[in-house]
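Here's a quick tour for anyone meeting this structure for the first time. Take a moment to look it over before reading on.

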Amino acid sequence: MEPIVISTWQHGLEANEEAYRNLNENANSLDSVERGLTVTENNPEVHSVGYGGLPDNEGRVTLDAALMDWKARIGSVIGIEHIKNPIRLARVILEDTEHTILSGDGAFTFAIRNGFEPELLLTEYSLKKYLEWKSQGSGKAEERHTDRDTFNDYHDTIGMIAMDKFGNITSGCTTSGLAWKLHGRVGDSPIIGAGLYNDAAVGAAASTGRGEECIRACGSFYIVEMMRQGLSPTEACRRACERVYKLNLLSSKNRDHKYQVGFIAMNISGEVGAFSIRSGFQYAVMKNNINTLFDSEFLIDEKYIIEDL
Ligand code: SD4
């Protein structure tokens, strides 16, 4: 098969390069996704992933990451602190334990026992932004996106799906979650079926954006099931966005409706697609040695007014 990799947002371009280089050298998709996502975790300019990720409401950088491969193997890490590459830890959980998910202190202890070095992940920039937020006193978590309009300031979760030369697909996600989230809050990224899902007979999906809304819809699982029924990756992602949108409204009229959720998907023929709730979501696809950033199709435009519904 021709290798192919798709990932979320503009920073997906850089991660794709690394994943694709590995795929081209005959690495499997699990190795390639892990290595690709590590690039984003290591980049302090990406303020929603790994080192340099914006902290929670207590000023603590807490990271979520997960991997799922074509053998339905899972490794997920929730709310880990001081470990720069949670995606590498997710890989160790996937390969070397009987478990699927480790969280918090237990995940940290497991990491140290497995040779990971503790590091300070709060950068000068993140601390400055945190102190600014504190002094404003809104107390609310914030979604920040690397969209077309705000690219220079904000960054976002990276989700990635890759197919290797053997036709095997792996999906992965890594994030520091919403900026200023309540300490202990868990988003979609480490939740299997929400932030990512993989089925060797069908394909895979991954998400970005407001985790609460994606979790409510089991977004990534839903996309894989839609593709199983014969929908294209783009059409399956569109259906998932409709589901997210409806469940957000159903769950509460008072809920914050100004959220973004974006999905990417790939089927076992190597076709890819994406869809988002609002405009601005971008995704990067690399195949045939060409890495391209696309604007996603979306469900509603910014003129949407909740009171009209
Ligand atoms: C989360 N989906 O924790 C992640 C973060 C994100 O815009 O993508 N934020 O909800």
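What follows is a look at the ligand and its surroundings, and then at two pairs of packed helices.

One thing to know up front: this is a predicted model.

**Around the ligand**

Let's start with the ligand. There are 13 residues surrounding it, and the closest are D156, T157, R185, D188 and G209. What sort of residues make up that shell, by class? The shell around the ligand has nine polar residues, three charged ones and one nonpolar one.

Some side chains come within reach of particular ligand atoms. For T157, an N or O atom of the side chain sits 2.7 Å from an oxygen atom of the ligand. D188 deals with a nitrogen atom of the ligand instead, and a polar side-chain atom of D188 lies 2.7 Å from that nitrogen. Then there's T208, whose side chain has an N or O atom 3.3 Å from an oxygen atom of the ligand. How much of the ligand does the protein bury? Taken alone, the ligand exposes 290 Å², and the protein buries 99% of that.

**Two helix pairs**

Now for the helices. Two packed helices are described by the angle between their axes and the distance between the axes. Here's how that works out for two pairs:

| Helix pair | Residues | Angle | Axes apart |
|---|---|---|---|
| Helix 1 and helix 2 | 12-24 and 29-42 | about 150° | 8 Å |
| Helix 7 and helix 8 | 219-228 and 233-251 | about 135° | 8 Å |

Why do helix 1 and helix 2 count as roughly antiparallel? Their angle is about 150°, and angles over 145 degrees count as roughly antiparallel, so that label fits helix 1 and helix 2. Helix 7 and helix 8, at about 135°, are therefore oblique to each other.

As for handedness, the crossing of helix 1 and helix 2 is right-handed. The crossing of helix 7 and helix 8 is right-handed too.

Technical notes
Residues are numbered from 1 along each chain as its sequence is written. This is a predicted model: local features need pLDDT of at least 70, side-chain atom pairs count only at pLDDT 80 or more; totals for chains, interfaces and linings use all residues. Side-chain values use heavy atoms; hydrogens and water are left out. A residue is near a molecule or strand if one of its heavy atoms lies within 4 Å of it. A polar contact is a pair of N or O atoms within 3.5 Å; within protein, one must be able to donate a hydrogen and the other to accept it, and residues adjacent in sequence count only if both atoms are side-chain atoms. Accessible areas come from the Shrake-Rupley method with a 1.4 Å probe; for residues, only the protein chains shown count as cover. Ala, Val, Leu, Ile, Met, Phe, Trp, Tyr, Cys and Pro count as nonpolar, Asp, Glu, Lys and Arg as charged, and the others, Gly among them, as polar. Axes are lines fitted to C-alpha atoms, for helices over the stretch in contact, and angles run from 0 to 180 degrees between N-to-C directions. Helices (H or I, at least four residues) and strands (E, at least two) are DSSP runs, numbered from the N terminus. Angles under 35 degrees count as roughly parallel, over 145 as roughly antiparallel, 65 to 115 as roughly perpendicular and the rest as oblique. A crossing is left-handed if the near helix is turned anticlockwise from the far one by less than a right angle, and right-handed if clockwise.
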